[in-house]
Amino acid sequence: MVAVVTVMAGYNVYTSQNNVEVSDLILTNVEALASNNESDFGWTCEPYVTDHYTESRWDYENGCNASTVVDTYDCNSGLVGSCRTGYIQFYYDCGGHETGRNDQTSTGGCW
């Protein structure tokens with residue numbers, strides 16, 4: 001009987017240690033930090049489009065006009081962090097569907 005009570009007590013201690021509950025406040029804070037947008041006051045560094053243009057190009061394979069869209073990114077002047085700077089080319093077929101992209105961005109910092 002003593003052995004059964006000891007085993008059951010040990011099992012209860014074991015399960016209580018592995019059953020950690022996280023409060024809603026902690027989950028909210030984790031989500032806020034994960035979004036990398038803690039404030040609207042420039043505390044974090046975020047990319048923004050500095051230039052956007054579309055180039056028309058002839059699609060020889062399909063015999064129609066297709067397009068390339070180019071977005072150039074820069075970082076705002078946040079206090080801490082890093083963001084992607086450079087440009088991305090998006091390639092579209094004659095129907096306007098994206099067929100590929102050329103990502104020429106790299107991680108940069110803002111201070």
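From the N terminus on, the elements of this protein chain run α-α-β-β-β-β, giving two helices and four strands. Those are DSSP runs numbered from the N terminus, with at least four residues for a helix (H or I) and at least two for a strand (E).

Please keep in mind that this is a predicted model, where local features need pLDDT of at least 70, side-chain atom pairs count only at pLDDT 80 or more, and totals for chains, interfaces and linings use all residues. Residues are numbered from 1 along each chain as its sequence is written, and side-chain values use heavy atoms, leaving out hydrogens and water.

On confidence, the chain has a mean pLDDT (the predictor's confidence in each residue, from 0 to 100) of 75, and 62% of its residues reach 70 or more. Helix H2, residues 24-34, is lowest with a mean of 55, while E2 is highest at 90.

Now, friends, to one residue in E2. Strand E2 covers residues 64-75 and holds Asp71. What is the nearest side chain of opposite charge to Asp71? That is Arg101, 8.8 Å away, and Asp71 is buried with no salt bridge. Buried here is under 20% relative accessible area, with a 1.4 Å probe and protein chains only; a salt bridge needs a Lys or Arg side-chain nitrogen within 4 Å of a carboxyl oxygen of Asp or Glu. For charge, Lys and Arg count as positive, Asp and Glu as negative, and His and the chain ends are not counted.

Leaving aside residues up to four places away in sequence, Asp71 touches several residues, including His52, Tyr87 and Phe90, where contact means heavy atoms within 4.5 Å.

How values were computed: Buried means under 20% relative accessible area, exposed over 50%, partly exposed in between (1.4 Å probe, protein chains only).
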